[in-house]
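The following exercises concern the surroundings of a ligand and one annotated region of a protein chain. Each task is followed by a worked solution.

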Amino acid sequence: MNTASTWSQRFESALHPAIARFNASIHFDMELIEYDLTGSQAHAQMLAHTGIITPDEGAQLVAGLEQIRQEYRQGEFQPGIDAEDVHFAVERRLTELVGSVGKKLHTARSRNDQVGTDTRLYLREQITQIRHQLRAFQGILLTLAEQHVETLIPGYTHLQRAQPVSLAHHLLAYLQMAQRDWERLGEIYQRVNVSPLGCGALAGTTFPIDRHYTAQLLGFGGVYANSLDGVSDRDFAIEFLGAASLIMVHLSRLSEEVILWASQEFGFVTLTDSCATGSSIMPQKKNPDVPELVRGKTGRVLGHLQALLVLMKGLPLAYNKDLQEDKEAIFDAVKTVQSCLEAMTILLREGLVFRTERLAEAVAEDFSNATDVADYLAAKGVPFREAYNLVGKVVRTCLVAGKLLKDLSLEEWQALHPDFAADIYQAIEPRQVVAARNSYGGTGFAQVRQALQAARSQLSID
Ligand code: ARG
C-alpha cells in the first residue's frame, strides 16, 4: 500500500522501496489479525449504533470483516509487505470486498488507538492461556510433591549441604513461586483490560462516538480517561514483560537445579529418554536439553523487558513510531513463556525420575544434622551460641577422624557434654531432623502435609 495513494494527496510519490520495507510491520503484526478484525467489528457496530454511519453500512462492514477472518483462517489472506501493516491490509481487503463503504471503517479512529486496542486484546488472551499453563505446571508439582513427602533431599545454602528437607517441601517452593506468578498475571490483566479505542490519533474525535459501547462489546473493564495517555501508554505491556520475566526466572532456577541433579556429581535424578538427548560424539552422554534451553531462553525475555523500558523512557506524548517496536518483544516473550511452561510441565511429568536411594544416601552421609545437635543441647538449657561452638568442635574432631556424628559413641558424646544421652542418636537421624522442623512453613512432615492440603484447595479454587 506504500504507493503515493496510501497517504493523503499531500504525498506526490511513493516511498523508497527499502524505506517501505524498513517502515513495515506486516511481517510480524499479522499476529494481531484476529484481534484487529474483532476490534474493527466493534468499531463498525459503534459507528452504526451512534448514527455516524447507517445500520446497513455497519452490517456490511461487520460482514466484510468476518469474511476476511474466514479467508485468513483458510490461509487465503496473505498480504505482502506493500500493505505496511495489518491495519492497512485489512482495510484494503475490506474495501475490495464491500466496495467504497469499506472506506468508512476508519471514521473516528486512528491506527494509534487501533493498534493499542489490538495489542490489549491479544495480551488478554495470552495472559489467560499462560495462567492456565501455570495451573498445569503447579498441578504436576503438586502431584510429585504428594509422592515425595517422605523422600529426603539435602537442603542447601551457598550450594553447601545445610539441612535435609522433604523433597515435597522443595517442590512446593516452586509451586508457591508459580502461585505468585498466577496471581500477578491476574492483577496485570486488570490493567491490560482497559480500552484505548476512541482516543483517536491523540486528542479524541469530532464524531459523537461511544467509547463505553465499544469497550463493552470487546469485554474491556473500562476505558482510558485521557486520550493522550490511551494511545501512548505501554505500562500494561511492561508489566506483562515483568511478570513474564519473573516466570522465566522461576523456571530457570528450577532448570538449574534439574541440571545439577542430573549430573553424575549429584545423581539425584535420572532423565528419561522422552526429554533428553545424546551427544553426536560421546556415546555415553545424556543431556538435559530441556532445562538448559529454558535457562537459556530466560535471557531473551529479560531482554525484552529491558528493551521496552528503554523504548519508553524518552518518548514524548503521544504516539511515536518507536511504539511499533513493542510488538516483537511482546510476541516473543509470550511464545517463549508459553513454550517453556509447556516443556517444563512435560519434563516434570515424564522427563525425570528421582533416585530415591541416592537421595537417602546423600542425607545420611554428611553433617547436615549438626544444627540438630546444637538444638538438642539448647533445648536442655545450654545457651545456643555455646552449644553451637561446642558442636563446631565436634564436627572438626569427626572430620579429622573420618567419622560422621552418628559414629560417635555415647561415651564420646558425654565426654563432650554431660547433657548428651542415648536419645541423641534419634535426634540426629535424618528423618527425625526433618520431622522436627515443624514450625509453620517448615519442612516437618506435618507442616508439609498441611501445605499440600492448602495447595490442593488453592489449585481447585478456579
Ligand atoms: N504499525 C503501527 C504500530 O505498530 C501502527 C500504528 C501506526 N501509527 C502511525 N501513526 N504511524 O505502531
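**Exercise 1.** Explain why the ligand lies between two domains in this predicted model.

*Solution.* The shell around the ligand draws residues both from domain 1 (17-107) and from domain 2 (112-148 + 165-355), so the ligand lies between them.

**Exercise 2.** List the residues around the ligand and classify them.

*Solution.* Step 1: the residues around the ligand are Ser25, Asp85, His87, Arg111, Asn112, Val115, Tyr319, Gln324 and Lys327. Step 2: by class, the shell comprises 2 nonpolar, 4 polar and 3 charged residues. Step 3: helix 6 (residues 111-147) supplies the largest share of the shell, 3 residues.

**Exercise 3.** Identify polar side-chain atoms that approach nitrogen or oxygen atoms of the ligand, then state how much of the ligand the protein covers.

*Solution.* Step 1: a cut-off of 3.5 Å between N or O atoms defines a polar contact. Step 2: for nitrogen atoms of the ligand, a polar side-chain atom of Arg111 is found at 3.2 Å, and one of Asn112 at 2.8 Å. Step 3: for oxygen, an N or O atom in the side chain of Tyr319 lies 2.4 Å from an oxygen atom of the ligand. Step 4: on its own the ligand has 340 Å² of accessible area, of which the protein covers 86%.

**Exercise 4.** Describe the region annotated in UniProt as "domain: Argininosuccinate lyase C-terminal".

*Solution.* Step 1: according to the unreviewed UniProt entry, this annotation covers residues 367-435. Step 2: over residues 367-435, helix accounts for 65% of the chain and strand for 0%. Step 3: the end C-alpha atoms of this stretch are 17 Å apart.

Definitions and conventions
Residues are numbered from 1 along each chain as its sequence is written. This is a predicted model: local features need pLDDT of at least 70, side-chain atom pairs count only at pLDDT 80 or more; totals for chains, interfaces and linings use all residues. Side-chain values use heavy atoms; hydrogens and water are left out. A residue is near a molecule or strand if one of its heavy atoms lies within 4 Å of it. A polar contact is a pair of N or O atoms within 3.5 Å; within protein, one must be able to donate a hydrogen and the other to accept it, and residues adjacent in sequence count only if both atoms are side-chain atoms. Accessible areas come from the Shrake-Rupley method with a 1.4 Å probe; for residues, only the protein chains shown count as cover. Helices (H or I, at least four residues) and strands (E, at least two) are DSSP runs, numbered from the N terminus. Ala, Val, Leu, Ile, Met, Phe, Trp, Tyr, Cys and Pro count as nonpolar, Asp, Glu, Lys and Arg as charged, and the others, Gly among them, as polar. Domain bounds come from an automatic or database domain assignment. UniProt positions are given in the numbering used here, feature names are shortened, and annotations may be inferred rather than shown by experiment.
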